[in-house]
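Colleague: Before we begin, could you show me the model? I'd like to ask how you arrive at the words you use for it.

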Amino acid sequence: MAIPKSKFIWMDGKFVDWDAATVHVGTHALHYGSSVFEGIRAYSTPRGPALFQLDAHVDRLFAGCKVYRMPIPFAREQMRDAIVELVRVNELQSCYVRPLVFRGADNFSLDPRKCPVQVTILAFEWGRYLGPEAVEQGVDVGVSSWRRMAPGTFPALSKIGGQYINSQFVAMEANDHGYLEGIALDINGYVSEGAGENIFIFSEGILYTPPIASSILRGITRQSVLTLARDYGLPIREENIPREMLYMADEIFFTGTAAEITPIRSIDRVQIGNGARGPLTQKLQDDFFAIVEGRGEDRHGWLTHVNGAPTAPKFEMRAATPAK
Ligand code: PMP
């Protein structure tokens with residue numbers, strides 16, 4: 001799906017026209033993947049658009065930049081306000097927001113720290129990532145021959161641009177094999193995660209998910225689903241998951257900002273459970289969607305209402321000059 005255009009992009013502290021948000025081909029990030037990014041959703045609620053887990057996303061962005069030694073030239077509050085303001089000025093309802101911090105053009109040294117740090121935020125109208133039927137009927141996926149990065153090679157917990165080449169291999173292979181998504185194992189052969197999703201397995205009344213040491217991204221939807229499961233008093237285990245446990249599970253689902261909560265109905269053409277969305281998956285979805293769409297009580301304080309939020313310090317609105 002091509003990205004639908006919205007009016008403004010936030011670029012280095014200013015709102016610029018969508019078509020003017022360009023970079024130089026010498027941009028370090030273009031050559032070496034030198035970036036840290038986020039993916040955030042806003043949902044349409046009766047009180048207008050609301051961003052889901054905004055602070056957790058901003059925190060993860062800053063943490064990733066800290067790991068990567070790339071100081072963000074804006075304060076946390078400025079980034080937060082810029083995201084809220086961008087949804088507002090673009091008059092978006094349900095949308096996806098993509099903050100990106102990257103090393104700009106200066107030199108091609110593999111120590112990037114002399115390159116300028118640039119910051120952009122893109123927001124656009126967006127629906128279901130894995131297709132509109134996926135959340136109800138489930139998806140067919142396969143275990144990839146590509147492993148997740150081994151500990152001590154890349155910092156898997158940070159959302160660093162270059163690391164997504166690994167996810168691209170997983171996704172391409174899955175699509176070539178006729179699957180909607182691929183699941184990568186970690187370097188030790190335990191289940192890690194999807195190309196862009198965390199994974200949960202429900203088996204014999206226990207909810208399992210791989211631990212952070214299995215080279216996963218610590219997904220914010222994962223954390224939210226764990227919170228809901230704790231609300232239900234479900235036994236939860238964050239522990240190494242052998243591949244064969246996938247085929248033996250009662251229910252399996254993906255979580256992610258894009259994928260939300262998506263049931264998996266088959267893995268490697270093996271039917272999972274009864275091949276349809278299971279009751280726990282449905283309960284989590286019902287609860288999750290009621291909260292994010294403002295139909296249920298926001299009992300964990302996950303939403304930031306764009307219209308209710310304090311107005312950001314005035315950002316300059318102007319036609320763009322291309323980034324230096
Ligand atoms: N794993 C990877 C590799 C991802 O890219 C994502 C999407 N950000 C996730 C898991 C899910 O994380 P979140 O729930 O924070 O979107």
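Modeller: Happily, and let's start with the word "strand": helices (H or I, at least four residues) and strands (E, at least two) are DSSP runs, numbered from the N terminus. This is a predicted model, so local features need pLDDT of at least 70, side-chain atom pairs count only at pLDDT 80 or more, and totals for chains, interfaces and linings use all residues. Residues are numbered from 1 along each chain as its sequence is written, and side-chain values use heavy atoms, with hydrogens and water left out.

Colleague: Where is Ser 192, and why is Ser 192 called buried?

Modeller: Ser 192 belongs to strand E10, residues 191–194. Buried means under 20% relative accessible area, exposed means over 50%, and partly exposed is in between (1.4 Å probe, protein chains only). Ser 192 has 1%, so the word is buried.

Colleague: What does the side chain of Ser 192 reach?

Modeller: It reaches the backbone oxygen of Ser 215, at 3.4 Å. A polar contact is a pair of N or O atoms within 3.5 Å; within protein, one must be able to donate a hydrogen and the other to accept it, and residues adjacent in sequence count only if both atoms are side-chain atoms.

Colleague: Let's turn to the ligand. Which residues come nearest to the ligand?

Modeller: There are 15 residues around it, and Tyr 164, Glu 193, Ile 220, Thr 221 and Thr 257 come nearest. To be near, a residue needs one heavy atom within 4 Å of the molecule or strand in question. Helix H6 (220–231) and strand E14 (251–256) each give the shell at least two residues.

Colleague: What makes the ligand's polar contacts count, and how much of the ligand is buried by the protein?

Modeller: Set each distance against that 3.5 Å limit. Lys 159 has a side-chain N or O atom 2.8 Å from a ligand nitrogen. For Glu 193, a polar side-chain atom is 2.8 Å from a nitrogen of the ligand, and for Thr 257 one is 2.6 Å from a ligand oxygen. The ligand exposes 380 Å² when taken alone, and the protein buries 95% of that. These areas come from the Shrake-Rupley method with a 1.4 Å probe; for residues, only the protein chains shown count as cover.

Colleague: Now the rings. Why is the pair of Tyr 32 and Phe 108 called edge-to-face?

Modeller: Rings of Phe, Tyr and Trp (its six-membered ring) pair if their centres lie within 6.5 Å; planes under 30 degrees apart count as stacked, over 60 as edge-to-face and the rest as tilted. The rule gives twelve aromatic pairs. Tyr 32 and Phe 108 have ring centres 6.5 Å apart and planes at 90°, so this pair is edge-to-face. Tyr 32 sits in helix H1 (residues 28–32) and Phe 108 in the loop between strand E6 (95–103) and strand E7 (117–125), so the pair links distant parts of the chain, 76 residues apart.

Colleague: And what makes Trp 146 and Phe 169 a stacked pair?

Modeller: Their centres are 4.1 Å apart and their planes differ by 20°, which fits stacked. Trp 146 is in the loop between strand E8 (139–143) and helix H5 (164–176), while Phe 169 is in helix H5, so parts 23 residues apart in sequence are tied together. Trp 146, at 36% relative accessibility, counts as partly exposed, and so does Phe 169 at 32%.

Colleague: How do you know that Arg 76 lies over the face of Phe 62?

Modeller: A charge sits over a ring if NZ of Lys or CZ of Arg is within 6 Å of the ring centre and within 35 degrees of the ring normal. Arg 76 is 4.7 Å from the ring centre of Phe 62. The charged end of Lys 283 likewise sits over the ring of Tyr 232, 4.2 Å from its centre.

Colleague: One last point: what is the phi of Glu 204, and why is Glu 204 called exposed?

Modeller: Most residues other than glycine have a negative phi. Phi of Glu 204 is positive, near 50°. Glu 204 lies in the loop between strand E11 (198–203) and strand E12 (206–209), and its relative accessible area of 73% makes it exposed. Arg 269 also has a positive phi, near 65°, and at 57% relative accessibility Arg 269 counts as exposed.
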